[in-house]
Structures are given as structure tokens and as C-alpha cells.
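Subject: Structure for you to look at

Hello,

Here is the structure I said I would pass on. Please open it next to this message.

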Amino acid sequence: MTEKATVDFMRGIAMRAPGVMATRDFYEKSWGLRTVAQGNDGTVYFRGTGAEHWIYALREDTSFGIDYIHFGMNSRARVDALHAQLTAEGISVSGAPAELSTPGGGYGFTALDPEGRRLRFSAEVSRHEDTDDSRAMPRKVSHVVLNTPGMEDLNGWYREHLGFRVTDYSADMMIFLRASTDAEFSDHHSIALNRAQYPSVNHVAFEMPSIDSFMRGIGRMRVAGQSPAWGPGRHGPGNNPFAYFVSPSGFVIEFTSEVHKVEEATHQPEVWPRDVPEKMDTWMTAGPPTPAMRTVMAGRPDAGWQTAG
Ligand SMILES: [Fe+2]
């Protein structure tokens, strides 16, 4: 039997929103990203302090939502294998893998998930050499949480077609999924699914290089006039510190750090309760999310895409 092709890692996410240019300053001065390029269509591409060429993109549009989630593949051969597999399984794809015209180039293709999200898979995107973990700035996108009205079906789809694995559950409300790698240890989750009324983005989390940087990031936001909408606290599942903010476009964004590394050989999924406060916030500093926070995390309905690209 041929081995299933699987997704290797999270690169980042491309979003769309009205008034993008007005939010660029926020992402650079307060959040701590740097513009790496601006596309011909006006899309702004941001990098972190890590090696990934770009981790977050914003495109001017009349609607709010996800343009695509960007996953990394370890080689062209793995891109080709995943493309062949998805095509054979009847998944809508953008066409054969090809050279990418986005900043950093690379080789890849796009597929459509059952709720109309575009997912891009790419290899050989150029990497930065000037990485710098000494600064209290986000180094990478840690994870994206998706609101879905079909959590069980979507969980099955990401596992069956893309090889994601369940790391943990938050009662029957959330499923944390990690990408498959050959590594001994993997990030606790690179995507998570959250039971909801309609598809939308719940939040995007940016990883700080240390707990000190995490706190300094919160401080930088405070000085800029914005306190966390929820946090700081420390999640049970993933054991990661969290501080959630609302971006000028109304997207929920998170600073995190020290996300648990799952030991592949021994890990067993755990169901974390949501009615035991210290399992929801092990530091007991954040309290539960407020109704206002839950509302903003519900996001705006994202109609998604009809085609993969
Ligand atoms: Fe998160």
C-alpha cells in the first residue's frame, strides 16, 4: 500500500478585509510584524522574526474572511504526491502544481475544503536568513482556529485527506489537530476546529519566542492603547500562554508561546473539560472568555470560495 501523502507544517494565512492599508501600521508598530512585500493587487505580505518568507497577508476587499491558509510541504515530491492523492479522491484543486508568483516563490497548488476554504500547499518557498529570536516580536504563525457548523465532518476531512491527527479535544466544542511530520515531537496543534453557527475564522495565533517576549508583546500593545480582550492566561490543551486582541479589522489575533510539543510515540488524545476553571486557564489569571469575547470570536460569516483557484 502506498503511504498517504500528508501536510507537513503551517506557514501562515492570507486574509481579506476592507481598509487593509489603514491596519498596516497596527501590524507593524503594535503587533510586531514587518512588511516583506506588496503584491500587484495591493496585498500586503508580512513576515515574522522567523525564517518563513511571509506568515500573514492582508488583501483589500469588500468582505472579511480567509483568502487561503498556507501549509508547507517538505519537498516538491511531497507537493506532487498530495496533489495526486487529492485529485484521485475527488477533491477540488486549482490545477497541477506550479511555480508560485507570491513573494518568496515556491511550488504548489490550492485545494478547497468542504466549507469553501482555500488551502495552499507549497514547497521551496525562499526562507529568510536574518532570523532573530532576541526580539519580542512574533516569529511565526502558531495556529489558526476555524469556526465550523460541521465540526465532525470537517475533522474527518482534514484527517482523511490531509493526514492531520487529533491531539486533544476541548469537551465537545473544539478539536485540536496537528500536522503530520517525521519529527519525534510536533506542535500541539496547527489548526483547531471550533463548533459554531457558520464558517468563519475564530482567531490566528502568533508565536513569541519566549514567555518574556510574550509579556513584552502584551506590554507593547498596552502602551499603544490596547489591552488584551482575553488574557493573559495559560490554556489547558497545548499548555500555551494566551493573550487575545481584536485587530483594527475586527479579527481576533493571539500572542502565544511555549506551545506544547507532542511526543508522537506516546501521545494519546485527551478530552479537556470546559467546566473546570483551572483546566481552561491553568494560571487562573484570565477567567473564562466574556460573552463579548465569544461574540467577536464567532467572526463574520465567511462565504468562502466556489473554486480552488
Ligand atoms: Fe489559540
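Below is what came out of going through the model, starting with the metal site.

Please keep in mind that this is a predicted model.

Metal site
The iron ion has three protein ligands: NE2 of His 143, NE2 of His 203 and OE of Glu 254, at 2.1 to 2.2 Å. Along the sequence these donors follow the spacing H-x59-H-x50-E. The two histidines bring distant parts of the chain together, since His 143 sits in strand β9 (residues 140–148) and His 203 in strand β14 (residues 200–207), 60 residues apart. His 143 has a relative accessibility of 2%, so it counts as buried. His 203 is buried too, with a relative accessible area of 4%.

Domains
The domain assignment splits the chain into domain 1 (9–123) and domain 2 (140–298). The UniProt record, an unreviewed entry, carries the annotation "domain: VOC" over residues 9–124 and 140–258. In the model, residues 9–124 are 22% helix and 39% strand, and the C-alpha atoms at the two ends of that span are 13 Å apart. For residues 140–258 the figures are 21% helix and 44% strand, with the end C-alpha atoms 12 Å apart.

Contact between the domains
Taken over C-alpha atoms, the centres of domain 1 and domain 2 are 20 Å apart. Each side puts residues into the contact: 36 from domain 1 and 36 from domain 2. The area buried between domain 1 and domain 2 is about 2,800 Å², and carbon and sulfur atoms give 73% of this area. On the domain 1 side, Met 10, Trp 31 and Glu 115 supply 24% of the area buried against domain 2, more than any other three residues. The rule finds 0 salt bridges across this interface.

Backbone
Most residues other than glycine have a negative phi, and most peptide bonds are trans. A few places in this chain are worth a look on that account.

- The peptide bond between Gly 231 and Pro 232 is cis, with omega about 5°. Pro 232 belongs to strand β15 (residues 230–234).
- Ala 171 is not a glycine, yet has a positive phi of about 45°. Ala 171 is in the loop between β10 (165–170) and β11 (174–178). At 26% relative accessibility, Ala 171 is partly exposed.
- Met 284 also has a positive phi, near 60°. Met 284 is in the loop between α5 (277–280) and α6 (291–298).

Regards

Note on methods: Residues numbered from 1 in each chain as written. Predicted model: local features only at pLDDT ≥ 70, side-chain atom pairs only at ≥ 80, totals over all residues. Heavy atoms only, no water. UniProt positions renumbered as here; feature names shortened; annotations may be inferred. Helix = DSSP H or I, 4+ residues; strand = E, 2+ residues; numbered from the N terminus. Donors = N, O, S within 2.8 Å, 3.2 Å for Na, K, Ca; no water. Buried < 20%, exposed > 50% of the residue type's maximum accessible area, 1.4 Å probe, protein only. Domains from an automatic or database assignment. Contact = heavy atoms within 4.5 Å. Buried area = accessible area lost by both parts, 1.4 Å probe. Salt bridge = Lys/Arg side-chain N within 4 Å of Asp/Glu carboxyl O.
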